[in-house]
Amino acid sequence: MIRRRIAVITARADAQEQKEILGGIAEAAFAANTDVAVYSNIYNHWLTDEQITFENIIYQLFEPHHFHGAIITAEAFMDIHILDTVIQKLRKEKLPTVVIGKSIKGFDSIFSDDAKDTEALTDHLLSVHHFTDIDFLTGPKDNPVSNQRILGCQRAFEKKHL
């Protein structure tokens, strides 16, 4: 009997947040007697040079017919269009796919609540550690996730009337 296999398509699998996501996926998959294959580049995908372009060929090597399902960690990609070929293959194969952190037509999505999480973190800093002068790096300017983090931080300060 062939073991079930899922593919995880991510970027920068060595980044801390991706390691944590991959760890959770692997733990759940192995408990279900399922193998996991990870497709990822190594270097900072935000850079554009020949080495990065060549490295991103990894995504073109993905063949969905080898898998029973797929997970795309879309939040790891600065430019999701790097996965256009992968997405086309997934649609054509009709492979069950879940996307984390972004909506892609035809697939189910999972989103974290960055505003709520940031609010809880900021509230902890204010209430437990009594910090009131906090610099917060939220991410790229005009990024929806960055804006949610700012909102969460603002909510925590407003609750404390600061």
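So, contacts. If you take the contacts in the protein chain with a separation of 6 or more, 66% of them come from residues 24 or more positions apart. Keep in mind that what you're looking at is a predicted model.

Okay, what is the chain built from? We've got 5 helices and 5 strands. Start at the N terminus and you read the elements off as β-α-β-α-β-α-β-β-α-α. So you can follow along on screen: two strands come back to back after the third helix, and a pair of helices ends the run.

Now the overall dimensions. The C-alpha trace spans about 60 × 40 × 25 Å along its principal axes. There are 162 residues in the chain, and 37% of them are buried. On the outside, about 10500 Å² is exposed, with carbon and sulfur atoms supplying 55% of that area.

Right, on to the pocket. The largest one has a volume of about 840 Å³. Its lining takes in 29 residues, and if you want to find the centre, look for E75, A76, N143, V145 and R149, which lie nearest to it. Which elements give two or more residues to that lining? Those are α1, residues 16-31, then α4, 114-127, and α5, 144-159. Of the elements, α5 gives the most, with 5 residues.

And the chemistry of the lining, since somebody will ask: 12 residues are nonpolar, 9 are polar and 8 are charged. So if you're turning the model around while I talk, put α5 in view, and pick out E75 and R149 among the residues nearest the pocket centre.

Notes. Residues are numbered from 1 along each chain as its sequence is written. This is a predicted model: local features need pLDDT of at least 70, side-chain atom pairs count only at pLDDT 80 or more; totals for chains, interfaces and linings use all residues. Side-chain values use heavy atoms; hydrogens and water are left out. On a 1 Å grid over the protein atoms alone, a cavity is a set of points where a 1.4 Å probe fits but cannot get out, and a pocket is an open set with protein on both sides within 12 Å along at least five of seven lines; lining residues have an atom within 4 Å of a point. Grid points are joined across faces, edges and corners, and a volume is the space filled by probe spheres set on the points. Helices (H or I, at least four residues) and strands (E, at least two) are DSSP runs, numbered from the N terminus. Ala, Val, Leu, Ile, Met, Phe, Trp, Tyr, Cys and Pro count as nonpolar, Asp, Glu, Lys and Arg as charged, and the others, Gly among them, as polar. Buried means under 20% relative accessible area, exposed over 50%, partly exposed in between (1.4 Å probe, protein chains only). Contact means heavy atoms within 4.5 Å. Accessible areas come from the Shrake-Rupley method with a 1.4 Å probe; for residues, only the protein chains shown count as cover.
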